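Got a minute to go through a model together? Have a look at it first, and then we'll talk it over.

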Amino acid sequence: MRRALAALTLVICSVGLVGCGDDSGSSGGGDGKDLPTKTIDVTIEGDSVTPNGDRVEVQVGQPIELVVTADAEGEIHVHSDPEQELEYGSGTTTLKAFTIDKPGIIEVESHALEKTIVQLEVK
Ligand SMILES: [Cu+2]
């Protein structure tokens, strides 16, 4: 009985920790400095891409990092101004972090697949 309780406490603690980490990512201040990097995992397999057009909220000036796992090399377009083209290889590639300097909706897409991966909702 005691053992089960200890295990349960452990589970609750680690879940709580994860929750905290996520929260601090989205509730930062508005000064545009020291914003935590927003990491977006992207999986490209054949002609399917995940996520597929999801909205992701980011803040102006927040570093955005795409971690791409793909079965073939390719290129991701970030439709910011100016547009950015980010190349990835087959396997897992962590792309160079970028920032968006004004509010709006920025599409991140694969032209090869003609699919929108995410829409960055920049606030
Ligand atoms: Cu494009």
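What follows is a short chat about a metal site and a sheet in this predicted model.

Student: Which protein donors does the copper ion have?

Tutor: Look for the protein atoms lying 1.9 to 2.3 Å from the copper ion. In sequence, the donor residues follow the spacing H-x1-H-x31-H. Put names and atoms to them and you get His77 (ND1), His79 (NE2) and His111 (NE2).

Student: How many residues apart in sequence are the parts that His77 and His111 tie together?

Tutor: Start with where each one sits. His77 is in strand β5, residues 74-78, while His111 is in the loop between β8 (104-110) and β9 (115-122). Therefore the pair links parts of the chain that are 34 residues apart.

Student: Is His77 buried or exposed?

Tutor: Buried means under 20% relative accessible area. His77 comes in at 7% relative accessibility, so the call is buried.

Student: And what does His111 count as?

Tutor: The class between buried and exposed runs from 20% to 50%. His111 has 39% relative accessibility, so the call is partly exposed.

Student: Which are the edge strands of the open sheet with the order β2-β1-β4-β7?

Tutor: This sheet has 4 strands with mixed pairing, and its twist averages 15° from one strand to the next. An edge strand here pairs on one side only. That gives β2 (48-50) and β7 (91-94).

Student: Which residue in β7 stands opposite Val68?

Tutor: Strand β4 covers residues 64-70 and is joined to β7 by 4 bridges, with the two running antiparallel. Across from Val68, the β7 residue is Thr93.

Conventions:
Residues numbered from 1 in each chain as written. Predicted model: local features only at pLDDT ≥ 70, side-chain atom pairs only at ≥ 80, totals over all residues. Heavy atoms only, no water. Donors = N, O, S within 2.8 Å, 3.2 Å for Na, K, Ca; no water. Buried < 20%, exposed > 50% of the residue type's maximum accessible area, 1.4 Å probe, protein only. Pairing = 2+ DSSP bridges. Axes fitted to C-alpha atoms, helices over the stretch in contact; angles between N-to-C directions.
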